[in-house]
Amino acid sequence: MLTSAQLIKIRRDLHQIPELALHEYQTQKYLLQVIGNFNQKNIEIRTCPELPTAILVLVRGSKPQKTIGYRADIDGLPVQENTGLSFASHNNGQMHACGHDIHMTVALGILAYFCDQQPQDNLLFFFQPAEESESGGKKAYEAGVFTGKWHPDEFFALHVTPDLPTGTIGCRLGTLFAGTTEINIDLYGKDGHAAYPQQANDMVVAAAALIEQIQTIISRSIDPIASGVITIGKVRAGTVRNAIAGHAHLEGTIRGLTQKMIERIDQRLREVTQGIAQSYNAKVDLQLNQGGYWPVENNPQITSEFINYMKENTQINYQEMQPAMTGEDFGYLLAQIPGTMFWLGVNDNSQLHSATFNPHEEAIVIGIKAMVGFLLSHM
């Protein structure tokens, strides 16, 4: 088992070497070194040609009836760190601004415990690359990583949040994180001189109309009791003030709490863009990239058991959560394998993905104890 001091050192070591999606080679090397120091009697370690920076660790149970999976994401973000910490990122323009260093450390703590205390059921630890982009969970599943003895019957994962007190466990039945679709739209018309609009086809006007129409999808096509979001966050058109732009480019995102809602919003967006193309005599190219970012929908039975354990444990501060519109690619895995995702509070003034994010490290031990206790009760 790892001591609190060892866990903090591991977290700080990992914090200094953030790497972007599918390039987590130094991180993988460090994780393998740490795992190599654990009791090897009942474990099997596997890396994957299909996903080269991933690691799977199977802990063999004494009387296995099932295999319980636990996932920790390992990639960082393209953020320049501005925390002033003595253990700040050594990699310029890259940072663990989403707390994945905490995620990995908690997973290592749980793994270390069960390497020393053999569980009854099998445990499968998945150190997953490419959560922030590239849909690492989906890539792993579609590549057949979870087959045979490497297939979990259930899957669990956590995500840190600065919005809860340190060590607080937050969860809910149903959707915890929204699903997402990334939007890319190109509108093609005809360039021209600003003084002769009749000789051109202005895509700034067409883009403006499209943006306005997009905003009606949520208000008029989605049940007002449900929740969905469409944001166009990037617009690019034109080169000079007195020329009509024959091309416009839009980028945005869709968020929804169920996969059915996401698909409904996607379909309405296709219909609206087709209407704009006809109305403005334009060619409109719409690309919807859903990837692996499905809604994180917690399994009712497993999650009820998880919540009841956390509520009844007097050493744990549990809080019921509302759905978040942020995306998480664990949702794809939960669509294939039943399980639960939960929040771990780290109580920081800065938000996730910010350059000053500095989670409280005291949450690490609390998260490990909570998950170890639940797993022991769940077997």
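Visitor: Quick one before we look around: what is a disulfide here?
Guide: A disulfide is a pair of cysteine sulfur atoms within 2.5 Å. Keep in mind that this model is predicted.

Visitor: OK. How many disulfides does a search of the whole structure find?
Guide: Zero.

Visitor: Why no bond for Cys98?
Guide: Its closest cysteine sulfur is in Cys171, 17 Å away, so the gap is too far for a bond.

Visitor: Are those two cysteines buried or exposed?
Guide: Cys98 is buried, at 5% relative accessible area. Cys171 is buried too, at 0%.

Visitor: Switching to charges. How many salt bridges?
Guide: The count comes to 13. One of them pairs Glu154 with Lys66, 3.5 Å from N to O. Glu154 sits in strand 5, Lys66 in the loop between strand 2 and strand 3, and 88 residues separate them.

Visitor: Is Glu154 buried or exposed?
Guide: Glu154 counts as buried, because its relative accessibility is 9% and the cut-off is under 20%.

Visitor: What does Glu328 pair with?
Guide: Arg71, with the closest N and O atoms 2.9 Å apart. Glu328 is in the loop between strand 15 and helix 8 and Arg71 is in strand 3, so the salt bridge ties together parts 257 residues apart in sequence. Both Glu328 and Arg71 are buried.

Visitor: And Glu251, which partner?
Guide: Lys234, at 3.7 Å from N to O. Glu251 is in strand 12 and Lys234 in strand 10. Glu251 is partly exposed at 26%, and Lys234 is partly exposed at 37%.

Visitor: Last topic. How many residues of helix 3 are buried?
Guide: 15 of its 17. Helix 3 covers residues 100-116 and reaches 25 Å from first C-alpha to last, close to the 24 Å expected.

Note on methods. Residues numbered from 1 in each chain as written. Predicted model: local features only at pLDDT ≥ 70, side-chain atom pairs only at ≥ 80, totals over all residues. Heavy atoms only, no water. Helix = DSSP H or I, 4+ residues; strand = E, 2+ residues; numbered from the N terminus. Expected span 1.5 Å × (residues − 1). Buried < 20%, exposed > 50% of the residue type's maximum accessible area, 1.4 Å probe, protein only. Salt bridge = Lys/Arg side-chain N within 4 Å of Asp/Glu carboxyl O.
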